[in-house]
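The exercises below ask you to read geometry and burial from a set of coordinates, and each is followed by a solution worked in steps. Please look through the sequence and the model before starting.

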Amino acid sequence: MIGRTMSHYRRDTIMSYESMKPYGMALLDYFNGNTDAVLLLERDDGFVQEEPVSIFFRKPPDFFRHEHTALSLCYGNILDIGSGTGVHSIVLQDRGFNVTAIDISPEAVEVMSKSGVREPH
């Protein structure tokens, strides 16, 4: 059994590679088979919530309504900023769009690349 990964991320931290490292490592751990990986999200008011990393790997039937709406409004060449695992980029690619997906986390870019995103950066 693979051990459970818990990564801690503060939402009020200035976004940089180092501040996003726990997020990226959790994505990579999950992608590599640690399906128990979780993130601990801490708000600036001190509230801490445990979030399963699986939420970042959802398939279209499990997307939220606003995600479906946003995807339906896309046209032309698309730049997916902060694309994480690339799940939205893959949907748009499958619809025939040219998509460039970018994320600050090198681990997220690695996951996107291995998941089939054509232009991860």
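**Exercise 1.** Describe the hairpin that E2 and E3 form, stating how many residues lie between the strands and what the phi of Gly46 is.

Solution. In this predicted model, the hairpin made by E2 and E3 has five residues between its strands, and Gly46, placed in the turn, has a positive phi of about 95°. The next step is the pairing itself: E2 and E3 run antiparallel and are joined by five bridges. As one example of this register, Leu39 has Glu51 in E3 as its bridge partner. The last step concerns cover, where E2, spanning residues 38–42, proves to be mostly covered, with four of its five residues buried.

**Exercise 2.** Set out the fold of the chain along the sequence, and state what share of its residues counts as buried.

Solution. Begin with the elements, of which the chain has four helices and five strands. Placed in sequence order, they give the pattern β-α-β-β-α-β-α-β-α. For burial, 39% of the 121 residues of the chain count as buried, while the chain exposes about 7200 Å², of which carbon and sulfur atoms supply 56%. Finally, for contacts between residues at least 6 apart in sequence, 48% join residues that are at least 24 apart.

**Exercise 3.** Classify the pair formed by the rings of Tyr23 and Phe56 from the distance between their centres and the angle between their planes.

Solution. The structure holds two aromatic pairs. For the rings of Tyr23 and Phe56, the centres lie 5.4 Å apart and the planes stand at 85°, so the pair is edge-to-face; the angle cut-off used in this step is over 60 degrees. The partners come from distant parts of the chain, 33 residues apart, since Tyr23 belongs to helix H1 (residues 17–31) and Phe56 to the loop between strand E3 (48–52) and helix H2 (65–72). Accessibility then separates the two rings' residues into classes: Tyr23 counts as buried because its relative accessibility is 12%, whereas Phe56, at 25%, counts as partly exposed.

**Exercise 4.** Locate Cys74, and determine which residues Cys74 is in contact with once neighbours within four places in sequence are left aside.

Solution. Cys74 sits in the loop between H2 and strand E4 (78–81). With a relative accessible area of 24%, Cys74 is partly exposed. When those sequence neighbours are excluded, the contacts of Cys74 are Leu92 and Phe97. For the second of these, the C-alpha atoms of Cys74 and Phe97 are separated by 8.8 Å, although the residues are 23 apart along the chain.

**Exercise 5.** Identify the buried residues of helix H3, then find which element gives the largest share of the lining of the second largest pocket.

Solution. Helix H3, covering residues 87–94, has Val87, Ser89, Val91, Leu92 and Gln93 as its buried residues. These buried residues of H3 pack against H2, E4 and strand E5 (99–102). After H3 comes Gly96, with a positive phi near 95°. Turning to the pocket, the second largest one holds about 160 Å³ of space, and its lining consists of Phe57, Arg58, Lys59, Pro60, Thr85, Val87, Ile90, Val91, Asp94 and Ser115. H3 contributes the largest share of that lining, with four residues.

Methods: Residues are numbered from 1 along each chain as its sequence is written. This is a predicted model: local features need pLDDT of at least 70, side-chain atom pairs count only at pLDDT 80 or more; totals for chains, interfaces and linings use all residues. Side-chain values use heavy atoms; hydrogens and water are left out. Rings of Phe, Tyr and Trp (its six-membered ring) pair if their centres lie within 6.5 Å; planes under 30 degrees apart count as stacked, over 60 as edge-to-face and the rest as tilted. Helices (H or I, at least four residues) and strands (E, at least two) are DSSP runs, numbered from the N terminus. Buried means under 20% relative accessible area, exposed over 50%, partly exposed in between (1.4 Å probe, protein chains only). Contact means heavy atoms within 4.5 Å. Two strands pair if DSSP finds at least two bridges between them. Accessible areas come from the Shrake-Rupley method with a 1.4 Å probe; for residues, only the protein chains shown count as cover. On a 1 Å grid over the protein atoms alone, a cavity is a set of points where a 1.4 Å probe fits but cannot get out, and a pocket is an open set with protein on both sides within 12 Å along at least five of seven lines; lining residues have an atom within 4 Å of a point. Grid points are joined across faces, edges and corners, and a volume is the space filled by probe spheres set on the points.
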